[in-house]
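Dear colleague,

I am passing on the structure below, together with some notes on what came out of going through it. Please read them with the coordinates open beside you.

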Amino acid sequence: MDQATTTPDGRFSYLAAGAPDSTPVVFLHGVGGGARLWTNQLRSFAPRFRAIALDLPGYGGSQPLPETSMRTYAEAVAAFVAALGLSEPVLVGHSIGGMIVQTYMAEALGPVRAAVLAQTTPAFGGKDPRWAEEFVAARLGPLDRGETMQSLAPTIAASLLGEDPHPGAFELAKASAAAVPEETWRASVLALVGFDQRAALARIAVPTLAVAGSKDGNAPAPTVAKMAEKIPGAEYVCLDGIGHLAFAEAPDAFDAAVLDFLSRRL
């Protein structure tokens with residue numbers, strides 16, 4: 001689990017734990033993340049599942065995309081699923097990872113048995129276009145002014161966590177953000193612009209769990225709840241007092257919610 005594995009074509013790096021013949025659960029991180037952010041989940045899911053944490057293109061040892069968009073990210077996930085021969089994976093996507101899962105399902109890019117949309121939204125921004133402009137400016141502006149991912153990492157990590165995170169969560173989030181190449185960060189942030197899968201929610205036909213954090217300012221709980229209401233048969237869980245990085249900030253509560261869902265719906 002501690003050592004990253006690379007697909008035979010060298011395109012993707014990932015971490016895995018659990019029996020190879022168990023039901024696969026593929027974890028997809030957010031903009032400032034990486035496969036290692038899912039360390040707790042690899043440990044807790046391994047007894048019952050084949051837990052796989054993917055470094056999205058441009059992160060970790062995964063090759064960057066020639067052109068980065070939500071569609072090309074989703075196509076890359078489909079290519080990874082095919083490379084590993086996963087016939088019925090559960091896809092767990094956090095933040096932009098959840099948007100990628102939505103795109104993957106909306107475009108029917110590959111197999112999926114169930115989905116967990118963790119602290120994500122079906123569209124980027126609200127009705128006011130200034131919100132999206134301010135979001136992008138806040139995340140790219142410091143780099144334009146000479147900051148680096150290493151110097152910004154503490155601020156990025158702090159913005160993702162609530163007031164009382166799990167021990168080690170801040171250091172893990174900071175190390176993950178610092179390791180993101182600047183060009184990957186820029187490409188991922190810009191890939192958010194224009195994302196809108198609201199019309200596709202009603203067509204999701206697999207068991208789906210939406211997870212929110214009550215203190216999450218990036219994917220507010222009411223928005224996540226509204227998304228869940230539009231997905232046929234979806235379940236919704238809100239973790240009280242938790243910020244945007246629930247799976248690292250409160251791994252026990254996050255894992256319990258997801259494992260309970262999977263035990264009942266698979």
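Where α5 and α6 meet, the residues taking part on the α5 side are M149, Q150, A153, P154, I156, A157 and A158, and their partners in α6 are F170, A173, K174, A177 and A178. Sorted by character, the residues of this contact comprise 10 nonpolar, one polar and one charged. Please bear in mind throughout that this is a predicted model. As for the geometry of the pair, helix α5, which covers residues 149-160, packs against helix α6, residues 169-178, at an angle of about 140°, and the two axes are 8 Å apart. Because only angles over 145 degrees count as roughly antiparallel, and those from 65 to 115 as roughly perpendicular, the two helices are described as oblique to each other. The crossing in which α5 passes α6 is right-handed.

The second element I looked at is helix α10, residues 251-265, where a simple check on length can be made: with 15 residues and 1.5 Å for each, the helix should span 21 Å, and since its end C-alpha atoms are indeed 21 Å apart, the expectation and the model agree. The residues of α10 that are buried are P251, F254, D255, A257, V258, L259, F261 and L262. S263 also has its place in this helix, but with a relative accessible area of 44% S263 is partly exposed, given that buried would require under 20% and exposed over 50%. Between the C-alpha atoms of S263 and L65, which are 198 residues apart along the chain, the separation is 35 Å.

Finally, there are two backbone conformations that you may wish to look at on the screen. A108, although not a glycine, has a positive phi of about 50°, and Q119, likewise a residue other than glycine, has a positive phi near 50°. A108 is found in the loop between α3 (96-106) and β6 (114-118), whereas Q119 lies in the loop between β6 and α4 (129-144). Are these two residues buried or exposed? A108, at 65% relative accessibility, counts as exposed, while Q119, at 0% relative accessibility, counts as buried.

With best regards

Technical notes. Residues numbered from 1 in each chain as written. Predicted model: local features only at pLDDT ≥ 70, side-chain atom pairs only at ≥ 80, totals over all residues. Heavy atoms only, no water. Axes fitted to C-alpha atoms, helices over the stretch in contact; angles between N-to-C directions. Helix = DSSP H or I, 4+ residues; strand = E, 2+ residues; numbered from the N terminus. Parallel < 35°, antiparallel > 145°, perpendicular 65-115°, else oblique. Left-handed = near helix turned anticlockwise from the far one by under 90°. Contact = heavy atoms within 4.5 Å. Nonpolar A, V, L, I, M, F, W, Y, C, P; charged D, E, K, R; others polar. Expected span 1.5 Å × (residues − 1). Buried < 20%, exposed > 50% of the residue type's maximum accessible area, 1.4 Å probe, protein only.
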